[in-house]
Amino acid sequence: MKILIVEDDVMLGELLQERLLRLKHERVRVCLTGVEAFQVLNEEAFDCAFVDLRLPDMDGLQLLTAIKEHDHGLPVVMMSGFPTMDHTIEAMRKGASDFLTKPFTLQDVALTLQRIMKERQLLLQNLSLQLEIQARKELEQVNRKLESRVDEHSRLFQISKEIDEIHSSEDLYPRIVHLASSLESVEKVSFFLAPQDRSSLVGMANCGWKPGDSWPQRIEISEERRQELLGNCATHAVIGPEEIQRSFKNAPQTDSILSCWPMRIRGEPFGLLMAFHNDGSRSRPSEETRLLDFLITKASLAVENMALYESLVSNFYGILKSLVNALEAKDLYTGKHSERVTRYATDAARILGCSGAQLETLETVGYLHDIGKIGICDSILNKPGPLSIDEYETVKKHPSIGDSIVSELGLSPEERSIIRHHHERWDGAGYPDGLTGEQIPLLARVLSVADAFDAMTSKRAYRNAMSRDQALAELLKNRCKQFDPSALDAFLEVAEKLSADEDKSK
Ligand SMILES: [Fe+2]
């Protein structure tokens with residue numbers, strides 16, 4: 001140990017120093033006064049100090065106090081030739097580790113040091129344990145924070161993933177309220193559209209409401225509150241139970257807190273997410289606020305993208321239809337052919353029980369079925385007489401040309417297949433791929449009958465139009481040869497209704 005001795009008796013000090021060094025202690029320093037001792041303590045560190053109770057410049061107890069203030073953990077052994085009970089008690093109260101009465105033996109000193117070393121070791125162990133506990137606590141705190149961040153990130157990812165999977169606004173609104181309702185503080189939630197210049201909000205989706213207490217489908221909102229919730233600068237607002245009644249004309253009675261989140265497209269508000277939070281949620285976790293904020297931002301972007309996509313698709317079909325119109329305008333005899341074929345085919349598909357989505361596909365793509373004729377030269381298309389074999393082979397390329405034109409424009413495989421296969425035959429003798437029976441997509445089979453009927457009943461440069469009955473007889477002759485029997489039967493119903501309607505209009 002490094003030991004400091006403060007003793008004004010020079011002989012005793014030196015004797016003690018010599019003995020302690022003999023006991024293999026690392027360093028032993030002797031000071032004659034309290035001032036000198038304190039100076040030395042400021043310069044170097046010690047493991048133990050021996051202090052005489054009477055010093056020339058100060059009381060040993062005063063020095064003990066000063067040493068403890070300097071280093072509370074340093075063990076101090078008081079020494080005195082004339083100890084009193086008061087001195088002993090006072091020294092122990094001030095933190096002395098032991099009290100040696102002069103004269104003492106070397107064994108007394110050795111025993112005292114042994115005990116001090118043990119105590120010091122225990123103290124160090126204790127300190128190290130305390131540090132370890134503190135470090136563990138800090139680690140646990142960091143872990144808890146980390147877990148909460150990981151949880152938040154996985155929820156953000158889930159929100160992002162679920163919204164990315166949505167492709168129509170009808171699906172989006174229920175998904176937003178469902179995602180919002182998964183937050184702990186959210187009891188129930190609704191989404192409203194906010195038509196411009198109207199004081200009412202229109203309900204689109206609800207989640208968490210009990211039967212019988214559903215939030216109205218349409219709510220009236222005060223102009224002041226509308227401005228606050230949907231104004232340009234509004235982010236989100238929190239409304240207390242009593243304010244809810246004042247803000248919305250037909251609001252239900254509730255003890256909950258309401259938080260309102262505006263949704264915008266390019267800065268323009270178009271909807272409001274309203275989440276009711278359970279008791280005490282005015283101070284709900286900032287994590288939930290961040291999640292709702294992210295949900296609204298993400299959903300707003302999704303709506304904006306959908307609107308943009310729908311406008312692009314609509315423009316794109318508009319361009320293709322213009323091309324078809326331009327193509328048909330060149331042929332005096334086939335004007336509006338595509339429009340009629342689409343109408344007949346859609347009616348027949350409806351009779352066959354096709355889904356709404358299939359009918360929509362047919363309505364869009366039917367119009368474009370002959371778009372490949374853009375790639376065939378006019379002299380063949382408008383030839384006033386029968387086609388040569390080579391010319392016919394050229395015309396037969398129009399379904400595959402059409403397929404490649406629309407494939408570059410991003411049409412789905414199902415949509416492309418209708419264009420590609422509208423000249424296939426039920427018996428496999430059609431073109432371009434010679435598909436047979438149900439290998440041919442259903443909508444292409446339906447379109448094929450309608451296409452043939454309209455072609456036969458239209459006047460051509462090299463022949464007159466057939467009558468409706470003649471054309472129908474021709475179709476029937478080709479039942480199970482060129483045409484799918486069920487598609488043909490459905491078309492015959494359409495044709496019958498067409499005749500009845502025309503008879504009525506005469
Ligand atoms: Fe065609």
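The paragraphs below walk through a predicted model of one protein chain, from its overall form to its helices, cores and individual backbone features.

The overall form is a good place to start. The protein chain contains 18 helices and 11 strands. Its radius of gyration is 48 Å, well over the 23 Å that the globule rule gives for 506 residues, so the chain is more spread out than a compact globule. Along the principal axes, the C-alpha atoms occupy a box of roughly 145 × 60 × 35 Å. Of the 506 residues, 29% are buried. Among contacts with a separation of 6 or more, 58% join residues that lie 24 or more positions apart.

The domain assignment divides the chain into domain 1 (2–125), domain 2 (169–307) and domain 3 (331–505). Taken over C-alpha atoms, the centres of domain 1 and domain 3 are 113 Å apart.

Attention can now turn to the nonpolar interior. In soluble globular proteins, nonpolar side chains tend to be buried together. The largest nonpolar core in this model has 38 residues, and the members that touch the most others are I176, A180, L272, L273 and L295. At least two residues of this core come from each of helix 6 (169–181), strand 6 (186–193), helix 7 (223–230), strand 10 (257–265), strand 11 (268–277) and helix 9 (286–330). Helix 9 makes the greatest contribution to this core, with seven residues. The surroundings of L272 give a closer view: once neighbours within four places in sequence are set aside, L272 is in contact with F192, A194, L201, L229, L230, C260, W261 and P262. A second core, separate from the one just described, has 32 residues, including Y344, L362, L447 and F483.

Helix 18 offers a clear example of a helix with two faces. This helix spans residues 485–505, and its 21 residues reach 30 Å from the first C-alpha to the last, close to the 30 Å expected at 1.5 Å a residue. Its buried residues are A487, L488, A490, F491, V494 and A495. These residues lie on the same side of helix 18, because they cover an arc of only 160 degrees around the axis. The other side of helix 18 carries the exposed residues P485, E496, K497, A500, D503 and K504. The partners of the buried residues are helix 10 (337–351), helix 16 (442–456) and helix 17 (468–477), against which they pack.

One residue of helix 18 deserves a closer look. F491 is located in this helix and counts as buried because 27 C-beta neighbours lie inside 10 Å, where 20 or more are required. Leaving out residues up to four places away in sequence, F491 touches Y344, A348, V449, A450 and F453. The pairing with A450 brings together two positions 41 residues apart along the chain, with 7.1 Å between their C-alpha atoms. Y344, one of the residues touched by F491, also appears among the members of the second core.

A comparable one-sided arrangement is found in helix 14. In this helix (residues 398–407), the buried residues are H398, P399, G402, D403 and V406. Their arc around the axis is only 145 degrees, which puts them on the same side of helix 14. They pack against helix 13 (389–395) and helix 15 (413–420).

Several backbone details in the loops complete the picture. The peptide bond from K102 to P103 is cis, with omega near -5 degrees, and P103 sits in the loop between strand 5 (98–101) and helix 5 (106–164). The bond from Y431 to P432 is also cis, with omega near 10 degrees; P432 belongs to the loop between helix 15 and helix 16.

Positive phi values occur at residues other than glycine as well. R266 has phi near 45 degrees and lies in the loop between strand 10 and strand 11. With 8 other C-beta atoms within 10 Å, R266 is exposed. For C480, phi is positive at about 65 degrees, and this residue is placed in the loop between helix 17 and helix 18. C480 also counts as exposed, with 11 C-beta neighbours inside 10 Å.

How values were computed:
Residues numbered from 1 in each chain as written. Predicted model: local features only at pLDDT ≥ 70, side-chain atom pairs only at ≥ 80, totals over all residues. Helix = DSSP H or I, 4+ residues; strand = E, 2+ residues; numbered from the N terminus. Expected span 1.5 Å × (residues − 1). Buried ≥ 20, exposed ≤ 12 C-beta atoms within 10 Å, placed from the backbone. Arc of directions from axis to C-beta. Contact = placed C-beta atoms within 7 Å. Core = buried A, V, L, I, M, F, W, Y, C linked by C-beta atoms within 7 Å. Domains from an automatic or database assignment. Rg over C-alpha atoms; globule rule 2.2 N^0.38 Å.
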